[in-house]
Amino acid sequence: MSGPFRHWFNFRKWSIQRKLMVIILVTTGGALLLACGAFVVNDFLAYRRSVAKDLSTKARIIGYGSTAALTFGQPKPVEEIITALQADPDLISASVYDQQGQVLAQYVRADRQGDFSPPQFQENGYRFEHGQIVLYHQIVFNGEVIGAVVLQRDLQEMRQRFQRYLGIVGIVLFTAMCVAFVLSSKLQRVVSDPILHLAKTANIVAEKRNYAVRAQKESEDELGHLIDRFNEMLVQIQARETALQRQIAERKKAEEALHQSQERFSKAFQASSIAIAIVSFRSGRILDVNEFFLKLFGYERGEVVGHTALDLALWVDPQDRAKLVELARARGSVRNFEGHLRTKTGETRTTLVSVESVELGNETCLLFITHDISERLNLEAQLRQSQKMEAVGQLAAGVAHDFNNIMTIIQGHTDLVLSSGQLDGEMSEALQQVCAAADQATNLTRQLLTFSRKPLVQLHWLNLNEIIDQAAQMLGRTLGEHIALKCHCAPELPGIRGDAGMLQQLIMNLAVNARDAMPRGGELTLGTTALKIDSEYAKAHPEARPGEVVCLTVTDTGCGMDAKTLSRIFEPFFTTKGVGKGTGLGLAMVYGIVNQHQGWINVASEVGAGTTFKLFFPADSHASESSAATSPDPVLRGGTETIFVVEDEPKVRRFVCSRLRQYGYQVLEAASGLEALRFWEEQQPKVDLLLTDLMMPEGIFGRDLAERLQAAQPTLKVIFTSGYAFDATDEDFALEEGRNFLPKPYPPHRLIQIVRNCLDQPNRAQPPKSREGI
Amino acid sequence: MCGMCGAGLLGVCADAKDPAELENQLKGAFLVKFALFVEWPPRAFMKPNDPIVLGILGKDPFGDQFELAVQTQVANGRRFVLKRFQEPNGLEACHILFISSSEKERLPEILQTLRNSFTLTVGDMANFAEKGGILEFIKEEGKVRFEINVDAAESKNLKISAKLLQVSKPIRRGP
């Protein structure tokens with residue numbers, strides 16, 4: 001069906017009911033039509049046959065009756081017969097012909113006599129034409145044809161009959177169709193209702209996705225079976241739906257888990273604080289890297305992915321990589337292969353590379369895990385350096401301790417003699433020389449001590465600008481005429497906690513070095529600034545601390561230093577000056593002083609241009625405590641209290657005890673902490689003041705001793721003395737020079753002063769708390 | 001006037017010129033045709049295919065062709081045999097006998113001889129039928145017609161077909 005036809009008769013769109021109806025009607029109608037048609041046609045044909053037969057009979061009769069007439073040429077009998085035929089009103093003509101084809105007798109119906117033309121014939125038989133039947137019958141007599149009969153009959157009757165039949169058929173058909181219509185519209189429900197019901201159910205299933213509905217089965221025919229199957233299908237669908245839902249849920253869970261796992265990996269990969277690269281084994285191309293990798297080597301992701309390590313010139317020595325890969329192939333994995341890698345900026349970093357072979361997807365890949373140990377190596381080097389320094393320091397301190405004790409005796413006794421007043425001018429002068437020499441020796445020792453990490457330090461709150469002022473005054477003489485001194489001090493400089501003497505020393509050392517670097521003259525600039533250090537800087541410079549800092553800058557225009565020299569300048573006994581010209585301790589001391597002040601140093605130098613030292617000190621905004629710089633009390637006062645002296649060096653102990661006794665004190669003595677404790681426990685003496693060396697043998701240090709004794713007697717006062725290094729940063733331990741601390745060597749009057757001061761202090765229940773900044 | 005189809009049956013018509021000849025030919029044809037409308041008694045024929053004896057007594061008016069023509073004819077499956085007679089002997093064997101007008105004088109004798117035979121007597125002399133002949137040729141309105149003495153036929157057990165009777169003018173006379 002195409003085009004307009006389809007448009008009118010869209011058969012496919014009709015409802016079942018309409019289709020059924022139409023089918024029934026068409027079938028009924030068709031069958032009826034066929035039946036009626038057959039009937040009518042049959043009747044028609046039968047009628048025609050009967051007519052023909054009738055005519056044929058008549059012709060035969062006529063023929064039979066005409067034999068004699070024809071034989072003897074007598075028309076009269078024939079005429080009589082023919083005339084009798086008039087009785088049939090439908091007969092149009094009857095003609096009898098003789099052998100020659102001449103009409104022997106003829107009858108023509110009245111109404112046709114006008115335009116009668118005898119029908120033509122060839123042979124026996126009849127034909128129907130123009131609403132009439134014409135029959136030709138040869139008269140055979142005695143074995144020969146003696147004539148013919150031609151009859152012509154009207155078929156109008158037949159036509160009328162036929163028309164009547166058609167009418168009847170029409171009525172019958174129509175009636176039948178009506179009945180069929182009525183009946184079928186009732187009866188087709190038997191078929192269509194279940195179908196519609198099924199359709200409706202299917203609709204519900206499709207629209208609402210409700211697989212729980214079931215269609216109702218009404219009959220046992222194919223439709224019933226269909227409904228059964230339909231319901232079965234629904235059951236299956238339902239089950240499958242449930243299973244599917246479950247599968248989906250499970251799949252979702254699995255996907256979720258996978259996703260999480262992927263995310264975990266991805267996050268771990270990306271967030272890892274070691275550089276990881278995934279490289280294709282076959283092609284050597286980098287498939288993926290994590291963030292740390294990019295950060296470490298300074299690349300963008302796009303610059304890395306898809307390239308090989310050789311493309312990026314990552315390996316300083318490509319042979320290393322080849323070796324590494326070979327190892328990986330042989331062993332499957334490699335751990336901590338030391339390799340030198342290049343960053344994007346060309347910087348070389350020492351790394352430990354571990355390689356692991358993995359299967360990702362279908363591809364064999366290598367996992368390159370890179371630990372940047374440049375920092376560590378750096379730190380290790382620094383550590384070695386500082387350990388070396390510490391070792392030297394300890395050595396020096398050890399020497400200094402003994403030395404100090406010796407000096408104490410020398411100075412002490414010399415002082416004694418000098419103050420006895422029994423010397424003449426010459427002897428007095430000589431002894432004074434001895435004193436001066438002893439002082440010098442002490443100073444030297446002090447210098448030696450101060451570059452070790454744990455020296456004696458007394459920190460006060462001070463302003464660097466003042467220190468510089470004081471230093472500048474002295475520097476004028478030290479530097480000489482050919483060097484110009486400039487000062488750029490920041491106006492509102494925050495204070496720092498520091499030791500004024502040490503800082504002076506520091507500046508002095510730096511200035512001397514600067515002077516030696518400018519033999520033909522130049523410029524020395526001292527400056528101070530206030531800075532804020534942020535955490536980024538602190539991370540990049542391990543020795544730095546974030547916060548407010550004060551920066552002391554010392555710049556010269558001297559000969560400068562090369563990188564090699566620069567790396568060693570703070571080493572003790574390292575010097576670029578000739579033998580006898582430098583001790584090699586100056587900068588070591590500077591380094592030590594800065595460390596003790598919780599600061600750090602930066603050095604920048606350019607050969608031929610000059611050097612700049614930047615010294616950073618943490619700022620301190622605390623109001624200064626009362627300066628502990630005591631001026632010597634000219635009046636030495638003694639007392640009658642009992643003093644417990646604990647000192648392991650016998651000569652020093654004897655000296656101290658004798659001095660104290662001189663001033664009227666009762667003196668008890670012990671040679672070590674252990675002895676002191678034993679004595680204390682046994683004798684339970686009444687002691688007002690404990691004077692103890694800090695570092696003593698036999699395991700009990702002065703501090704411990706003091707704690708124990710003070711625990712037993714809280715009112716006990718303590719003075720510590722030491723020529724040794726110790727950890728002054730201990731928070732619980734507060735050393736205040738002039739109060740409870742006497743550094744060796746000390747002049748005797750100092751001893752007396754401090755003892756008196758201490759005893760005069762009001763009683764305190766506990767030792768004073770720590771000071772900050774120490 | 002070959003409207004007389006009977007003559008056409010013998011194919012005579014085409015040659016005839018003379019009306020009298022034509023008439024005789026027609027009579028001859030009729031003579032043969034009569035066999036078709038007459039039923040002889042069973043004793044007339046021994047066997048089924050015994051021929052019909054056609055006799056002519058006296059002067060033969062039918063022409064030369066007549067014998068030939070007759071031999072070709074068949075009636076009801078029987079052939080014809082022509083016999084000519086000059087004397088009335090053996091006439092009983094004839095099924096059809098044409099008594100020529102030349103035998104006018106001897107007619108009653110002849111008829112008498114044939115009184116118990118099955119011979120169909122045909123003649124064209126006047127009053128032939130009256131005198132006891134069965135078929136008499138007459139002329140009516142220019143056409144050859146015949147009369148039939150039904151009694152005479154009946155007396156001889158000859159059944160004459162009604163059809164013949166229709167086309168003839170039957171006379172019932174005495175034998």
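The legends below describe close-up views of a predicted model. Local features need pLDDT of at least 70, and side-chain atom pairs count only at pLDDT 80 or more, whereas totals for chains, interfaces and linings use all residues. Residues are numbered from 1 along each chain as its sequence is written, chains are lettered from A and ligands numbered from 1 in the order in which they are written, and side-chain values use heavy atoms, with hydrogens and water left out.

**View 1. The hairpin of strands β1 and β2 in chain A.** Strand β1 (residues 91-98) and strand β2 (residues 103-108) of chain A run antiparallel and are joined by five bridges. Helices (H or I, at least four residues) and strands (E, at least two) are DSSP runs, numbered from the N terminus, and two strands pair if DSSP finds at least two bridges between them. Across the pair, A:V96 stands opposite A:A105 in β2(A). Four residues lie between the two strands, and A:G101 in the turn has a positive phi of about 85°.

**View 2. The contact between chain A and chain B.** Chain A contributes 17 residues and chain B 18 residues (contact means heavy atoms within 4.5 Å). About 1,600 Å² is buried between the two chains, and carbon and sulfur atoms give 61% of this area. Buried area is the accessible area (1.4 Å probe) that two parts lose on being put together, summed over both. On the side of chain A, the residues that lose the most area to chain B are A:F72, A:Q74 and A:N142, together 38% of what that side buries.

**View 3. Polar and charged pairs between chain A and chain B.** Six residue pairs are in polar contact between the chains, both residues being at pLDDT 80 or more. A polar contact is a pair of N or O atoms within 3.5 Å; within protein, one must be able to donate a hydrogen and the other to accept it, and residues adjacent in sequence count only if both atoms are side-chain atoms. One salt bridge is counted between chain A and chain B: the side chains of A:E144 and B:K33 meet at 3.4 Å, N to O. A salt bridge is a side-chain nitrogen of Lys or Arg within 4 Å of a carboxyl oxygen of Asp or Glu. The elements of chain A that give two or more residues to this side are α2 (16-72) and β5 (144-154). Helix α2(A) gives the most, with eight residues. By class, the side of chain A that touches chain B has eight nonpolar, seven polar and two charged residues. Ala, Val, Leu, Ile, Met, Phe, Trp, Tyr, Cys and Pro count as nonpolar, Asp, Glu, Lys and Arg as charged, and the others, Gly among them, as polar.

**View 4. A salt bridge within helix α6 of chain A.** The side chains of A:R229 and A:E232 meet in a salt bridge of 2.8 Å, N to O. Both residues lie in helix α6 (residues 222-271), three residues apart, about one turn of the helix. A:R229 is exposed, with a relative accessible area of 52%, while A:E232 is partly exposed at 40%. Buried means under 20% relative accessible area, exposed over 50%, and partly exposed in between (1.4 Å probe, protein chains only).

**View 5. Salt bridges that involve helix α8 of chain A.** A:D288 and A:R301 meet through their side chains at 2.8 Å, N to O. This pair links distant parts of the chain, with A:D288 in strand β7 (residues 286-289) and A:R301 in helix α8 (residues 301-304), 13 residues apart. A:D288 is partly exposed at 25% relative accessibility, and A:R301 is partly exposed at 28%. A:E303 forms a salt bridge with A:K344, the closest N and O atoms being 2.7 Å apart. A:E303 lies in helix α8 and A:K344 in the loop between β8 (333-342) and β9 (348-360) of chain A, 41 residues apart. A:E303 is partly exposed at 29% relative accessible area, and A:K344 is partly exposed at 42%.

**View 6. The open sheet of chain B.** Eight strands of chain B form the sheet in the order β3-β4-β2-β5-β6-β7-β8-β10, with mixed pairing. β3 (74-75) and β10 (169-171) of chain B stand at the edges, each with a single partner strand, so one side of each is left without a neighbour in the sheet. Two bridges join β3(B) to strand β4 (residues 78-85) of chain B, and the two run antiparallel. In this pair, B:A75 stands opposite B:R78 in β4(B).
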